[in-house]
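Dear colleague,

Please find the structure below, followed by an account of how its helices pack against each other.

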Amino acid sequence: MNRAQRVLDHVQSRPADAVRWSRELLDDPTATPLELVGAWWALGRAYTELDRLDQGIDALRRAIERADGFGLTDLAADIRVSLATCLLLAGDTS
């Protein structure tokens with residue numbers, strides 16, 4: 001997840017750039033499954049930082065679906081924490 005990790009590392013300090021970088025990674029046909037999951041996760045977190053919560057929720061759900069699909073259950077659990085935070089910020093406490 002090397003390339004995705006670099007994006008994740010900048011989500012809070014440079015969220016607009018993280019959105020762009022995530023999109024570029026998602027469009028890269030050489031991206032590994034792990035990088036794709038990480039890119040969706042970074043995208044969701046960046047949207048959350050930018051207060052674009054509906055888009056953040058959607059991206060984080062996509063990240064979880066893909067992580068589960070690739071058998072990355074530990075990573076999916078970590079992403080669910082980000083999703084819970086985003087849902088809470090959106091007012092969804094259920």
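**Helix packing and the nonpolar core**

The crossing of α4 and α5 is left-handed, a term used when the near helix is turned anticlockwise from the far one by less than a right angle, right-handed being clockwise. Helices are DSSP runs (H or I, at least four residues), numbered from the N terminus. This is a predicted model, in which local features need pLDDT of at least 70 and side-chain atom pairs count only at pLDDT 80 or more, while totals for chains, interfaces and linings use all residues. Residues are numbered from 1 along each chain as its sequence is written, and side-chain values use heavy atoms, without hydrogens and water.

Helix α4 covers residues 53-69 and helix α5 residues 73-89; their axes come within 9 Å and cross at roughly 160°. Axes are lines fitted to C-alpha atoms, for helices over the stretch in contact, with angles from 0 to 180 degrees between N-to-C directions. α4 and α5 are therefore roughly antiparallel to each other (over 145 degrees; under 35 degrees counts as roughly parallel). Among the residues that make the contact (heavy atoms within 4.5 Å) are Leu 53, Gly 56, Ile 57 and Leu 60 of α4 and Ile 79, Ser 82, Leu 83 and Cys 86 of α5. By class, the residues of this contact divide into 12 nonpolar, 2 polar and 3 charged (nonpolar: Ala, Val, Leu, Ile, Met, Phe, Trp, Tyr, Cys and Pro; charged: Asp, Glu, Lys and Arg; polar: the others, Gly among them). Leaving aside neighbours within four places in sequence, Leu 83 is in contact with Ile 57, Leu 60, Arg 61 and Ile 64.

The axes of α3 and α5 come within 10 Å and cross at roughly 15°. α3 and α5 are therefore roughly parallel to each other, and their crossing is left-handed. Here Leu 34, Val 37, Trp 41, Arg 45 and Thr 48 in α3 meet Leu 75, Asp 78, Ile 79, Ser 82, Cys 86 and Leu 89 in α5.

Thr 48 counts as buried at 15% relative accessibility (buried means under 20% relative accessible area, with a 1.4 Å probe and protein chains only). Not counting residues up to four places away in sequence, Thr 48 touches Leu 53, Gly 56, Leu 60, Cys 86 and Leu 89.

The largest nonpolar core (buried Ala, Val, Leu, Ile, Met, Phe, Trp, Tyr and Cys residues joined through side-chain atoms within 4.5 Å) has 30 residues, of which Val 11, Trp 40, Trp 41, Leu 43, Leu 60, Ile 79 and Leu 83 touch the most other members. The largest share of this core, 8 residues, comes from α3.

Yours sincerely

Technical notes:
Helix = DSSP H or I, 4+ residues; strand = E, 2+ residues; numbered from the N terminus. Parallel < 35°, antiparallel > 145°, perpendicular 65-115°, else oblique. Buried < 20%, exposed > 50% of the residue type's maximum accessible area, 1.4 Å probe, protein only.
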